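Trainee: I've got this one open and would like you to walk me through it, starting broad and then zooming in on one part. Could you have a look with me?

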Amino acid sequence: MNKHPQDADNIHISLFDMVNALSTALDIINPALDSHQKRTCFIAASIARAADMRGEEYDDLFSAAILHDIGAIALWERLKLLEFEDVSPHLHSRLGALLLERFEPFRRFSPIVRCHHVHWEHGNNQMFDDQPVPLASHLVYLADRIEVLAQNSDNIIADATMIRERVASLSGEHFHPRFVDTFLEISVRESFWLDLVSHKMDDLLMEMAPFKTVSLNLDELARLARFYSLVIDSRSRFTATHSAGVATCGEVLARSCGMSALDTMKVRIAGYLHDLGKLGISNELIEKPGRLDDSELSKMKTHSYMTFEILSRIQGLEDIASWAASHHERLDGSGYPFHKHGDEIPLGARVLCVADVYTALTEDRPYRAGMGTTQAMAIIHDQVASGKLDADVVRVLDASLEEVDQARIAAQTREEEDLAGFWELAKQVPESPFQ
Ligand SMILES: [Fe+2]
Ligand SMILES: [Fe+2]
Ligand SMILES: [Fe+2]
């Protein structure tokens, strides 16, 4: 990954911004979690710096901490954080590691996530799942528990004494004593606790982030976005490969519409990310097989706005954020959330709208088979006739239908295979609909 981007015909997105955006998206799944991962990361990184952890060890610790509960997406709705961490603490850790292994640059810190609930037990737990337990996982675990203890405090300085005593009492058993000692040193400062509850958490993390100067080029961004689509789609078995399908349909359509190579790639990335805001919608709604009632529909309609809120903060990602967030806009102004009309909807977004509708109609869902292309195209033509979808884009879809559909099926099959291990393990989630 480039440290000092120079070329102008590419895009350069901060890796920190992207990782932070994913962490934000995960933290909004359950408002009760309120920045749990970011605050855990702040605690872990503060202890690591004071303990003189450096280089790759620090980089991996930071990355693992900010995404440590990534495997809990499928569980958050069913069990509250504290419950699932008590009942089956290693399930979400293993699921998280499985997800992280799917993206090469994240693979190296996946063992830290897999082991982030392993107790120190006086040094006796050296192995977990037949693999060595990384030292950093003990730090993530300690930071995670401190964050949970601090979560509901409305007087953090007063509560700090209780938290310090509690942590000290578990030193050597649950927690690695070296990290406990460092925590006890730095947590005498009120500023440590006040930073933890302050509203400038993103700035604090930015300052501590090891990869703050690393930027992603278009290709690297696309690979990271594909990884995000795996995370988004792993939310629910019901739409398990949807984002990959939309990204691929969008890419083929954009190219066939004559969009530049850069814009075609942006459409693909926007496809991977378009439903990022769905991480904030409850599983109950996402997995409801029938029609949504009015109140459910209004909740569902917040997702593309949330996609916009998360992505629009990222410098350099403006087009992608706007196209991704506009995938439910319609040319006649009847869409949401901006009610954009006609020319207000850029070509990238129009392509994405068609790709989203086409993919949703033709992909298989666990409760029904996908529609055939003839039936799906009849519905899409109706939407052109009623002024909702772009006639030119749909004409291009008609002309390249076979290519689009083959590419969609291939992409969705690949994503299905990539997540196979995840779904197998997810069957163990209590009350899982994935059994
Ligand atoms: Fe956890
Ligand atoms: Fe956690
Ligand atoms: Fe959507």
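Trainee: What percentage of the contacts in the protein chain with a separation of 6 or more comes from residues 24 or more positions apart? After that, please take a close look at the loop between H7 and S2.

Mentor: Sure. First, the ground rules: this is a predicted model, where local features need pLDDT of at least 70, side-chain atom pairs count only at pLDDT 80 or more, and totals for chains, interfaces and linings use all residues. Residues are numbered from 1 along each chain as its sequence is written, chains are lettered from A and ligands numbered from 1 in the order in which they are written, and side-chain values use heavy atoms, leaving out hydrogens and water.

Now your number: residues 24 or more positions apart make up 71% of the contacts with a separation of 6 or more in the protein chain, a contact being heavy atoms within 4.5 Å. The protein chain has 24 helices and four strands; those are DSSP runs numbered from the N terminus, helices being H or I with at least four residues and strands E with at least two. A compact globule of 435 residues would have a radius of gyration near 22 Å, and the protein chain agrees with that at 23 Å (taken over C-alpha atoms, with the globule rule being 2.2 Å times the number of residues to the power 0.38). Along the principal axes, the C-alpha atoms fill a box of roughly 70 × 50 × 40 Å. Of the 435 residues, 56% count as buried, where buried is under 20% relative accessible area, exposed is over 50% and partly exposed is in between, using a 1.4 Å probe and protein chains only.

On to your loop. Glu-121 sits in the loop between helix H7 (110-114) and strand S2 (127-128), and His-122 is in that loop too. Most residues other than glycine have a negative phi, and most peptide bonds are trans. Glu-121 has a positive phi, near 50 degrees, and His-122 also has a positive one, near 55 degrees. As for burial, Glu-121 is partly exposed at 31% relative accessible area, while His-122 is exposed at 53%.

There's a backbone oddity elsewhere as well. Tyr-336 and Pro-337 are joined by a cis peptide bond, with omega about 5 degrees. Pro-337 belongs to the loop between helix H19 (318-325) and helix H20 (347-362).

What about the cysteines? With a disulfide taken as a pair of cysteine sulfur atoms within 2.5 Å, the count comes to zero. Cys-41 can't bond because the closest cysteine sulfur, in Cys-115, is 18 Å from its own, which is too far. Cys-249 isn't in a disulfide either, and the nearest cysteine sulfur, that of Cys-257, is 12 Å away. Cys-41 is buried, with a relative accessible area of 1%, and Cys-249 is buried at 1% relative accessibility.

To finish, have a look at a helix residue. Thr-264 lies in helix H15 (residues 261-273) and is buried, with a relative accessible area of 5%. Leaving aside residues up to four places away in sequence, Thr-264 touches Glu-251, Ala-254, Arg-255 and Met-259. Thr-374 is 110 residues from Thr-264 in sequence, and their C-alpha atoms are 26 Å apart in space.
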